[in-house]
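Please load the model in your viewer and keep the selection panel handy. We will go from the whole assembly down to a single pair of helices.

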Amino acid sequence: MAIPTDTLQQQEVKLSKDEIQRYSRHLIMPEVGMEGQLKLKRARVLTIGTGGLGAPLGLYLAAAGVGHLGLVDFDVVDSSNLQRQVTFTTADVGKPKSEAAKARLSALNPAIDIVSYETRLTSDNALDLFRDYDIIVDGTDNFPTRFLVNDACVLLGKPNVYGSIFRFEGQATVFGYPGGPCYRCLYPEPPPPGLVPSCAEGGVLGVLPGIVGSIQAMETIKLILGAGDPLVGRLLLFDALAMRFRELKLRRNPDCPMCGDHRTITKLIDYEEFCGIRGEEAPAMTDGIPEITATELKARQDRGDKLFILDVREPHEYQICNLNGKLIPLGELPRRVNELDSSVEMVVHCRSGKRSADAIHFLQTAGFKKLWNLKGGVLAWADEVDPRMPKY
Amino acid sequence: MIPTPLRQFTGKQSSIECSAATVGEALGSLTGTFTDLRKHLFTDDGKIRSFVNVYLNDEDIRFLDKENTRTKDGDTISIVPSIAGGSRDDGK
């Protein structure tokens with residue numbers, strides 16, 4: 001059951017007296033014992049993302065004595081991360097996440113070797129980064145990186161401990177285990193941008209990544225120890241609101257382009273393009289969508305111009321801050337379009353301007369002509385016009 | 001069972017009961033009631049989208065008889081879309 005890694009067997013390592021004391025609750029368990037603790041010490045685990053899932057992962061793997069930890073993250077700590085990314089403290093705001101996480105984990109366990117990679121994982125660096133590690137743990141937050149992590153793991157034959165969350169639901173499984181399925185067996189393709197309501201429905205309950213990331217930490221440790229039944233061929237679903245775990249069968253797809261019997265993908269590809277992100281970022285999307293800046297809008301309002309404000313965010317976002325506009329969430333717009341008057345000039349806004357651009361695109365096809373997209377949404381309004389308005 | 005991301009199209013309901021002889025019939029009845037859900041589950045030519053998986057009890061219908069998989073009283077059909085969330089905010 002143990003993962004087929006050379007490093008776990010070959011290196012000669014011992015535990016110091018301090019380490020024996022530190023890991024004593026492991027050592028007195030027959031399932032771990034001295035042999036298991038030495039496997040942990042020899043193990044090399046790379047975690048992709050040090051955020052919500054990466055926080056419990058890093059903390060538990062470091063605490064457990066995993067001897068070599070790699071932390072990949074290009075992001076910096078933001079105060080909105082602290083609600084769930086429990087590795088970081090308020091003093092870390094503004095620091096690179098990989099560095100702040102390394103400092104925290106080193107303080108927890110100075111005896112282990114931690115390498116931080118302050119870089120975005122790309123098709124160019126993934127294979128080189130992964131090669132030095134036995135197990136890859138995927139705690140990222142976007143589809144391109146998930147497909148990239150999967151493909152790189154399959155190409156190198158490394159297990160990929162997967163966890164994913166959305167609001168109050170989580171998924172976890174182990175991909176890339178010998179004979180087991182990969183991420184593409186589960187989902188051959190990513191959803192096109194915009195179809196999955198991630199923007200309007202975003203957000204996550206802070207404890208949820210703590211639970212899912214802990215499950216990933218547990219599976220990682222089990223893989224290292226070769227103990228128990230790994231979460232292979234099973235997709236664990238967790239619904240925090242119902243407080244219910246369910247399990248679905250996950251099979252290796254013989255026709256899978258990545259790990260199937262006739263592999264058609266033999267190298268890493270452009271995952272941004274694969275996930276349709278390039279198109280989304282291209283200015284073509286905003287072509288034909290007239291924009292108004294927050295400053296211009298304020299000036300026109302001050303002049304007494306009659307402008308109808310349509311807010312396409314969700315009701316809970318409206319409660320945080322608003323421009324006294326009419327609220328119709330983007331998802332309800334097609335059904336409620338008859339509540340709008342196409343004869344009046346209308347400014348559509350959301351948080352940052354993306355959802356409102358989608359709304360304007362829809363309204364244009366519905367025959368509306370006097371439309372403006374508030375550039376940068378309420379965030380820009382807070383920056384340019386009203387510094388008292390809270391940003392989120 | 002309706003997953004979180006799609007509950008906004010089902011009046012916030014997390015599960016819906018219906019009677020149907022096959023999985024395809026059950027999904028048809030569901031999207032007949034909640035029409036906004038349709039484009040999230042099916043492509044324009046009526047196929048289940050490849051980033052949405054449908055399970056009959058704990059088995060993926062792609063490995064059974066797909067949409068024609070027969071259902072019986074008390075079966076649970078789950079819609080499991082791909083989610084990517086992890087460390088950062090997706091909100092825009």
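Here is a short tour of this predicted model, one selection at a time.

**Stop 1: the domains of chain A.** Start by colouring chain A by domain. The domain assignment gives domain 1 as residues 6-281 and domain 2 as residues 283-384. If you place a marker at the C-alpha centre of each, the two markers for chain A will sit 39 Å apart.

**Stop 2: where chain B meets chain A.** Now show both chains and select the contact between them. On the chain B side you should find 27 residues, in contact with 46 residues of chain A. Which elements of chain B give two or more residues to this side? They are β1 (52-56), β2 (59-60) and β3 (77-81) of chain B. The largest share comes from β3(B), with 3 residues. Colour the chain B side by residue class and you get 9 nonpolar, 11 polar and 7 charged residues.

**Stop 3: the sheet in chain A.** Hide chain B and show the strands of chain A. An open sheet of 8 strands appears, with mixed pairing and the order β3-β2-β1-β4-β5-β6-β7-β8. Select 113-117 and 244-249 of chain A to light up the edge strands, β3 and β8, each of which pairs on one side only. On average, neighbouring strands of the sheet are turned by 15° against each other, direction ignored.

Zoom in on β6 (169-175) and β7 (234-239) of chain A, an antiparallel pair joined by 4 bridges. To see one bridge, pick A:Gln171, whose partner in β7(A) is A:Leu237.

**Stop 4: helices across the sheet.** Add helix α8 (143-156) of chain A. This helix lies across β1 (44-48), β4 (135-138), β5 (160-166) and β6 of chain A, and runs at about 165° to β4(A). Next add helix α6 (97-108) of chain A, which lies across β2 (68-72) and β3 of chain A at about 170° to β3(A).

**Stop 5: a helix pair.** Keep α6(A) on screen and add α5 (54-64) of chain A. The two helices pack at an angle of about 30°, with their axes 9 Å apart. The cut-off for roughly parallel is under 35 degrees, so α5(A) and α6(A) count as roughly parallel to each other. Their crossing is right-handed.

Finally, show side chains: A:Gly58, A:Leu59, A:Ala62 and A:Ala63 of α5(A) meet A:Ala101, A:Leu105 and A:Leu108 of α6(A). By class, this contact has 6 nonpolar residues, 1 polar residue and no charged ones.

Notes:
Residues numbered from 1 in each chain as written. Chains lettered and ligands numbered in written order. Predicted model: local features only at pLDDT ≥ 70, side-chain atom pairs only at ≥ 80, totals over all residues. Domains from an automatic or database assignment. Contact = placed C-beta atoms within 7 Å. Nonpolar A, V, L, I, M, F, W, Y, C, P; charged D, E, K, R; others polar. Pairing = 2+ DSSP bridges. Axes fitted to C-alpha atoms, helices over the stretch in contact; angles between N-to-C directions. Parallel < 35°, antiparallel > 145°, perpendicular 65-115°, else oblique. Left-handed = near helix turned anticlockwise from the far one by under 90°.
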